[in-house]
Each structure stands twice: as C-alpha cells, then as structure tokens.
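User: I'd like to go through some labels people put on models like this one. Let's ask what earns each label.

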Amino acid sequence: MMADNIKRREFIGGLAAMSVAANVPGARGQSSNGEMPYRTLGKTGVKVSAIGLGGFHLGLSHLEEPDAIKIFHSAIDRGINFSDNSWDYNQGVSEKRVGKALKNGYRDKVFVMTKFDGRTKGSALKQLDESLQRLEVDHVDLWQFHENIRLEDPDRFFAEGGAVEAMQEAKKAGKIRFMGFTGHKDPSVHLRMLEMADKHDFSFDTAQMPLNVMDAHFRSFGKEVVPVLVKKQMGILAMKSMGDGNILKAKVVTPLECLQYALSLPTSVVITGVDSMEILDQAFQAAKTYSSLSKADIEGILKKTVSVAADGKYEPFKTTPIFDSTAAHPEWLGYAAQA
C-alpha cells in the first residue's frame, strides 16, 4: 500500500504542475507565482487547488466577519480556488460570510462547494435553496450529502423520495454542477454508499473523508476507500488532516507534517480550517513543500504515529458521537417535517 501511495503521489504531483485551464468555470484567474499546485477533480476535469479553504472556521464567533472575508480573499488571491462549506456550519453564518466574500468578481475565481443534511427530497431541496440564498449564487459547483456516518444512510439516500431525487432534480435545474457525499465515521459506510450507487446506476463525482497520519493505522479510509475512488476516477476530498486539532495533542507530529502527509496521498483537495493569516501561510507552506517528501520521510511520519493511533483516541470523530451533528439535530434529516 505504501509503494502504491507513493506512485500515486508522484502521478498526482505531475497533474498538480499543470496550469489551471482558463476556460473552466470556477477555476479562473489563479495565481501564477507557484504558491499553489492544482489537481484534477476526478472525472469532472476541473482543476482545483491542492488545498481547499474550510468553511467551518470562517464562521466561528471569535473571528470577526471582516477578518474572515480578508482571509478568504487572501487565500483566493494567492491561488486557492476551492471553497468548502455546509448548510449547517455555524447556523448558516459560514455560508453567509462566504457569500459576501464571493462578491466583486471572486465568484468567477472559486469552485464553490456546500453540503446538506436532509435525507428526504423535500428537506434536501429546501436546504439547497437556503444555501444558495446565503451564498448569494444561482448554483454551487459541488453539492454533497453530508455525514454519511450510519450504515442506513446510503439506504436513506437512495430510498424512494430520498435525497438522491433532490440531487437529480437540482442538477437538472442547473442549481448544482457536481454531486458527492461526505462522512467521518467508518470506511465501511463509504464503501456501502459506493456499492449502493453502483446498484442504482448512480455516479458520484466526489467523496470526502478523514485522511491523516493516524487514519493510516485505524479504520483507515486511506487504505479501504481511497483505492476504490481512484479506480472509479472520483474526486477525493480530504478533511481532518489534523483531526480538528486532536491529532496534535499526541505531540508526535507537527501541523506541517499532517498537511504534507495528506497532500502526498492521491487527493484532489486537502480541506483545512483557517482562522488566521498565520494558519493560511502554513497551508501554503505545506503545498509548496509536500512534494519534497521521500518515501522514507512518509514512512517516518507513519512510524511516529502507529502506536498512538491504535485505539482511535486521537480520532474521536470515528469513536465518539461528538462530531455527529446530524445525530445531535435529527430534525435536520427531514423526517419530522414530513409527519
């Protein structure tokens, strides 16, 4: 697996060196100063920045709105073109702030992604319309089924009257360009979603999951799901490269190593939360230096994390419910509204 990952990293690194196509919507006007490599988002053909700007942190209460917008603009001006978000982030504040940041020509420079929690067609479409209103756009480039974390979530997605029908209708109406799903709990749930998609002759464009230095050793999305996505030519979106800070508490790896490792995998985008210019600089440093890591460097990072990763303590999103926002808010799923 390690040798395969290195080969894929070298292949993706070659793609990243390609310039951004000027005629690709949502991927124009990028930096040419070499700060940010670009990769192809699976079979979509769209060129996206290797680093994506996380939406959750931009809506945090300790960050003033003008500062959040300044961070967003600086990220885009320096070459990031992938914007992550979700309907439920900070009660909509994250989407509203990004909506303001997309004004004055920035929308044309950004690949806009957001997520939804509704398991029913009606609830999902309602959340999409709210997202579009907050973001102040007529469509998003990528819309993702959020928190595919229960074994029954794929069944709910593909059920009659389920969210799959919302995706199909939204795409037909031009409100979304591409379709994906996310999840942070267990690779088996992602694999079930992919199996269900095949069964229903449905094609996802992307999948988002935790990919980090500890995931490699415990319930590994990297080992179990990534090879399937590579085979399907789906866009691979990495999140929780530092486990929302939990991985750093083990004190065996640095933030830079965490980002460099995630970037060394065959990811299309590594989404990272940014709430200061210093953290933004760190992301760009990782983007500029990850390709210098040798096979031995990566093996060294994984060796440092193998023992502390064994029980999932530093990946609580896999082992506890504290990250399961849809469990804390079952009303978001849409079933109560139908009763």
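User: What makes the crossing of H10 and H11 right-handed?

Analyst: This is a predicted model, by the way. A crossing counts as right-handed if the near helix is turned clockwise from the far one by less than a right angle. The crossing of H10 and H11 gets the right-handed label.

User: Why is H10 called oblique to H11?

Analyst: Their axes cross at roughly 50° and come within 9 Å. Angles under 35 degrees would be roughly parallel, and roughly perpendicular runs from 65 to 115. The crossing at roughly 50° fits neither of those, so H10 is oblique to H11.

User: Which residues make the contact between H10 and H11?

Analyst: On the H10 side, Pro255, Leu256, Leu259, Gln260 and Leu263. H11 brings Gln282, Ala283, Gln285, Ala286, Ala287 and Thr289. By class, that's seven nonpolar, four polar and no charged residues.

User: On to charges: how do you know that arginine 134 and glutamate 95 form a salt bridge?

Analyst: Their closest N and O atoms are 3.0 Å apart, and the cut-off is within 4 Å, so the pair qualifies. Arginine 134 sits in helix H4 and glutamate 95 in helix H3, so the bridge ties together parts that are 39 residues apart in sequence.

User: Why is each of those two, arginine 134 and glutamate 95, called buried?

Analyst: Buried means under 20% relative accessible area. Arginine 134 has 16% and glutamate 95 has 0%, so each gets the label.

User: What makes aspartate 153 and arginine 156 a salt bridge, and how are they placed in helix H5?

Analyst: The N to O distance is 3.4 Å, again within 4 Å. The two are three residues apart in H5, which means about one helical turn separates them. Aspartate 153, at 0% relative accessibility, is buried, whereas arginine 156, at 23%, is partly exposed.

User: And how do you know that aspartate 155 pairs with arginine 192?

Analyst: The closest N and O atoms are 2.7 Å apart, so the 4 Å cut-off is met. This pair links distant parts of the chain, with aspartate 155 in H5 and arginine 192 in H7, 37 residues apart.

User: Why are aspartate 155 and arginine 192 called partly exposed?

Analyst: Partly exposed lies between the 20% and 50% limits. Aspartate 155 has 32% and arginine 192 has 27%, so the label fits both.

User: How many salt bridges does the rule give in total?

Analyst: The count comes to 21.

Terms used. Residues numbered from 1 in each chain as written. Predicted model: local features only at pLDDT ≥ 70, side-chain atom pairs only at ≥ 80, totals over all residues. Heavy atoms only, no water. Axes fitted to C-alpha atoms, helices over the stretch in contact; angles between N-to-C directions. Helix = DSSP H or I, 4+ residues; strand = E, 2+ residues; numbered from the N terminus. Parallel < 35°, antiparallel > 145°, perpendicular 65-115°, else oblique. Contact = heavy atoms within 4.5 Å. Nonpolar A, V, L, I, M, F, W, Y, C, P; charged D, E, K, R; others polar. Salt bridge = Lys/Arg side-chain N within 4 Å of Asp/Glu carboxyl O. Buried < 20%, exposed > 50% of the residue type's maximum accessible area, 1.4 Å probe, protein only.
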